[in-house]
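Here are a few short exercises to work through with the structure open beside you. Try each task before you read its solution.

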2 protein chains.
Amino acid sequence: MDTQLRDVSLPARLAEPDEAISMEELALAARNHGMPLEAMQHDVTPAGLHYLLVHYDIPILDERNWRLGITGHVERPAAWSLDDLRARPARTVRVTMECAGNGRARLRPRPISQPWLVEAVGTADWTGVPLRELLDEVGVDPAAVEVVFTGADHGVERGVEQDYQRGLPLDEALRDDVLLAYEMNGQPLPPQHGYPLRLVVPGWYGMAHVKWLRDISLVDTPFTGFQNAVAYRYKQTADEPGEPATRIAPRALLVPPGFPDFMSRRRVVRPGPVPLSGRAWSGHAPITRVEVSTDNGASWTDAKLDPDQGHNWAWRRWSTTWQAEPGEHVLAARATDAEGNTQPVDQPWNRGGFANNLIHQVPVTCL
Amino acid sequence: MDTQLRDVSLPARLAEPDEAISMEELALAARNHGMPLEAMQHDVTPAGLHYLLVHYDIPILDERNWRLGITGHVERPAAWSLDDLRARPARTVRVTMECAGNGRARLRPRPISQPWLVEAVGTADWTGVPLRELLDEVGVDPAAVEVVFTGADHGVERGVEQDYQRGLPLDEALRDDVLLAYEMNGQPLPPQHGYPLRLVVPGWYGMAHVKWLRDISLVDTPFTGFQNAVAYRYKQTADEPGEPATRIAPRALLVPPGFPDFMSRRRVVRPGPVPLSGRAWSGHAPITRVEVSTDNGASWTDAKLDPDQGHNWAWRRWSTTWQAEPGEHVLAARATDAEGNTQPVDQPWNRGGFANNLIHQVPVTCL
């Protein structure tokens, strides 16, 4: 059976230098979706505009038959219904989530996978139970080093049949803002975002936020499942183990100004003052600076950051005004966080196309 | 200025025979999204899974500053706030909506536009005010022949700067199930589906259901705006006027069985009985028959149609069971409506890639 599964599920690969977007990449782009950048005008991304990546199929689950168990290296294994979880004190955390592969389709050579351009991001208010409270209740065995989260989504990936599973280091799992969330923006989770329950790990790329959670298990050795040990690692060659993708690198995006051409998405603005705004975020530390260029990076000026609203893990709005003159322009934005992490002007590259946070550029025609 | 706009907004064209998906087509695929086919397990498509096509940018509107006017060839022009409309008797209609360009990316030669494969569909419960009641109130001038709907979305398309506008023949506008909808699935319209108000024309392709409505005007000659006179017409050559796209051609889609490969979306099933199901719809007449083939169209058997639930304009569920044997298979489904319209096994073609309702085929590996 393994041989046959490998026949229908090929290893990861890079596009040839002249290889255009394939029908397989297009099929992923048609199923999944980014956030149209004008949606950054909303503090919280409305349902359906938040980016979405589903590895296999969206499971259709019925909360009446659903239980969440915590097992493995714990003192008192336990299980909860969704009503049990809803009856506990709830916490809401506003979180900017981004796909680790955001920007992948612009890389050269291009890793063949979900072909994100730059829109794989969104910000939601997630409501649920802090994971730490449940872990305290079951009693973590001193031997435990990681927490393994298993979703109900099942498929085959690069030849490996699997339920989607991710291991998270115990110290991260014990942060008091890591949630088991049953609401998104005040509504029950939509099916595509993990109904009835998903993990939320603020500051980490999307792959950590396991959807359709059905099991949590504490383990005494680092988890070696596919999504941790094979996928979501920074590798320059196929053979090296690579470092794992974890926290979100800083990024600023612009709300494209003016109006678009339908087909090319080219922007058109009128001469005169043009308000520019966008959002910036980092999973490492708060955003401290956003710079904007209106001459394709030749010069940069600081944008104004909106007041800090106390959401440590959500994007921050920035704005400035551009005096547009007739002609062709390239706008750009660059974020820096409190740890000094910033965005490169040259494309970083790895075989998975992960954490590629090249500065955002928006060509604009003023006429 | 026109010359410059034409420089950034090129005419429609066909892909060269060897031309792969372009970055511009990919950018549209990343913004807009289809419905993952497993979502057909839901009678009503959850928000965020319904297909979405936005020509320009999603406008951000505030209902406090919003009014809908009806003007032109009417006896008593009038305007309403959203609260005015909400205070009137509401009607809810379940409607399957499909993009006229669904399937376009599989055409040879391929029209360069939003590159849908087969997923540009969804079914929602739309709630609002029957347009006819407002038209009766303002009094339609006997000279009126069409109703022109203007949205708040603005852009340039094939060289023409425009607000999105569509004309609808008066006899269609006076049908009692044509709605001005302010709710989708019992919630206020999401921004991307036309908040605060959109037109719903059951049975017609999506381009007729104007979003972000801000004006309705009755005219005494057929509307010659871009979306009616240039786009959304069936043309074999660029020069001919072509017939307009109106009602949805019949189509059946399968919920892909088993589980997928992440990258290729190839399906894997186990030997033995495999439940098959899907949905079928037509904008011309009720669905009367769905046939299924498990041998790539060599033979067909009738699927079972679920009982008619009285939703004249919504898809109908169908099901059957397949005895899967190890090997490679191609499943297919074909819908027929009460007027005898059915789906072709050879690809129909026009320059816009509209109303392409080739039978749905799903390759499956049984092992």
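**Exercise 1. Into which domains is chain A divided, and how many residues of each are in contact with the other?**

Start with the bounds: chain A splits into domain 1, residues 2-244, and domain 2, residues 251-366. Keep in mind that you are looking at a predicted model.

Next, take the centres of the two domains over their C-alpha atoms; they are 27 Å apart. Then look at the contacts: 28 residues of domain 1 of chain A meet 22 residues of domain 2 of chain A.

Now ask which elements supply the domain 1 side. Those giving two or more residues are β3 (91-98) and β11 (233-234) of chain A. The biggest share comes from β3(A), with four residues. To finish, sort the residues on this side of domain 1 of chain A by type: 15 are nonpolar, eight polar and five charged.

**Exercise 2. Which strands are joined to β4(A) by bridges, and in which sense do they run?**

Take one neighbour at a time. β3(A) runs antiparallel to β4(A), and eight bridges join them. You can find this pairing at A:Thr96, which lies opposite A:Thr123 of β4(A).

The other neighbour to check is β7 of chain A (residues 179-184), also antiparallel to β4(A) and joined to it by five bridges. Here, look for A:Trp126, whose bridge partner in β7(A) is A:Met184.

Finally, consider the surroundings. In β4 of chain A (residues 121-130), nine of the ten residues are buried, so the strand is largely enclosed by the rest of the structure.

**Exercise 3. Is B:Pro273 buried or exposed?**

First locate the residue: B:Pro273 belongs to strand β16 of chain B, residues 272-281. Then count its neighbours. There are 10 other C-beta atoms within 10 Å. A residue with 12 or fewer counts as exposed, so B:Pro273 is exposed.

Leaving aside residues up to four places away in sequence, B:Pro273 touches B:Thr321 and B:Gln323.

**Exercise 4. Which strands stand at the edges of the open sheet that contains β16(B)?**

Write down the order of the four strands: β13-β16-β20-β19 in chain B, with antiparallel pairing. β13 (251-254) and β19 (304-305) of chain B each have a single partner strand, so they stand at the edges with one side lacking a neighbour in the sheet.

Now check one pairing in detail. Four bridges link β13(B) to β16(B) in the antiparallel sense, and B:Leu254 lies opposite B:Gly278 of β16(B).

Terms used:
Residues are numbered from 1 along each chain as its sequence is written. Chains are lettered from A and ligands numbered from 1 in the order in which they are written. This is a predicted model: local features need pLDDT of at least 70, side-chain atom pairs count only at pLDDT 80 or more; totals for chains, interfaces and linings use all residues. Domain bounds come from an automatic or database domain assignment. Two residues are in contact if their C-beta atoms, placed from the backbone, lie within 7 Å. Ala, Val, Leu, Ile, Met, Phe, Trp, Tyr, Cys and Pro count as nonpolar, Asp, Glu, Lys and Arg as charged, and the others, Gly among them, as polar. A residue is buried if 20 or more other C-beta atoms lie within 10 Å of its own, exposed if 12 or fewer, and partly exposed in between; C-beta atoms are placed from the backbone. Two strands pair if DSSP finds at least two bridges between them.
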